[in-house]
Structure formats: C-alpha cells, structure tokens
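Let us take a friendly walk through a small set of features in this structure. Keep the sequence and the 3D view side by side as you read.

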Amino acid sequence: MPRLKAELFDSIKASGEIGITTDELYIMHYGHQPRVQKSVIKSHVSQINDLLVETDYKIESDGRGPHARWVL
C-alpha cells in the first residue's frame, strides 16, 4: 500500500469506534497541499478498500461531506 494510503488507514484505524471526519483527515494528510480537494479522501478510501478486499477490514462512512465520519 502506498505511504499516503497507509497513513490514511492508520489514522482511521486509530480513531476507533468514534471515527474521524473528512475535515480531520484532510488537515492531517492534505492540508499542506492547497490544490487538493477534500473529495480526494473518498477516492483514496475507495482505493484502500479495494486493497483490503481479501481481509476482514473495510472503511465505511456515516455520511457525506466534510463532517462525515470514517470508521474501520
């Protein structure tokens, strides 16, 4: 798994049952790249889930937008 996606996975996993918002992930991992839109997180999570298909893990969201919470 590429480094950035591994870092996203680790952040989501570390957030536990509460999860982590799109805004929080964006600030932690993309805030230094102002041209990157928050929608990239959804794309990267989808790609991470593709890599996890043969495991018991799956990242899910409770909604859409910047306040959606991502959980493993």
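Helices (H or I, at least four residues) and strands (E, at least two) are DSSP runs, numbered from the N terminus. This is a predicted model, in which local features need pLDDT of at least 70 and side-chain atom pairs count only at pLDDT 80 or more, while totals for chains, interfaces and linings use all residues. Residues are numbered from 1 along each chain as its sequence is written, and side-chain values use heavy atoms, with hydrogens and water left out.

**Salt bridges**

A salt bridge here is a side-chain nitrogen of Lys or Arg within 4 Å of a carboxyl oxygen of Asp or Glu. How many salt bridges does this rule give? The count comes to two, and the table shows both pairs.

| Pair | Closest N to O distance |
|---|---|
| Glu7 and Arg3 | 2.9 Å |
| Asp23 and Lys38 | 2.6 Å |

Start with Glu7 and Arg3. They sit four residues apart in helix 1 (residues 3-14), so about one helical turn separates them. To say how open such residues are, we use relative accessible area: buried means under 20%, exposed over 50%, and partly exposed in between (1.4 Å probe, protein chains only). Arg3 is exposed at 61%, whereas Glu7, at 30%, counts as partly exposed.

The other salt bridge joins the side chains of Asp23 and Lys38. Asp23 lies in helix 2 (residues 22-29) and Lys38 in the loop between helix 2 and helix 3, so this pair ties together parts that are 15 residues apart in sequence. Lys38 has a relative accessible area of 36%, which makes it partly exposed.

**Two helices and their faces**

Helix 1 has 12 residues and reaches 16 Å from its first C-alpha to its last, close to the 16 Å expected at 1.5 Å a residue. The expected span is 1.5 Å times one less than the number of residues. Which residues of helix 1 are buried? They are Lys5, Leu8, Phe9, Ser11 and Ile12. Looking down the axis of helix 1, you would find these buried residues within an arc of 165°, so they line one face of the helix. The arc is that of the directions from the helix axis to the C-beta atoms. On the face turned away from the buried side of helix 1 are the exposed residues Arg3 and Ala14.

Now try helix 3. Its 13 residues should span 18 Å at 1.5 Å a residue, and the end C-alpha atoms are 19 Å apart, which agrees. Ile41, His44, Val45, Ile48 and Asn49 are buried in helix 3. Seen down the axis of helix 3, they fall within an arc of 145°, so they too line one face. The exposed residues Lys42 and Asp50 are carried by the face of helix 3 turned away from its buried side.

**Three residues to locate**

Lys42 belongs to helix 3 and has a relative accessible area of 51%, so it is exposed. Its C-alpha is 19 Å from that of Gly16, and the two are 26 residues apart along the chain.

Is Leu25 of helix 2 buried or exposed? Leu25 is buried, with a relative accessible area of 0%. The C-alpha atoms of Leu25 and Glu7 are separated by 9.8 Å, with their positions 18 residues apart along the chain.

Leu72 lies in the segment after strand 3 (69-71). At 33% relative accessibility, Leu72 counts as partly exposed. Leu72 and Tyr57 are 15 residues apart in sequence, and their C-alpha atoms are 6.6 Å apart in space.
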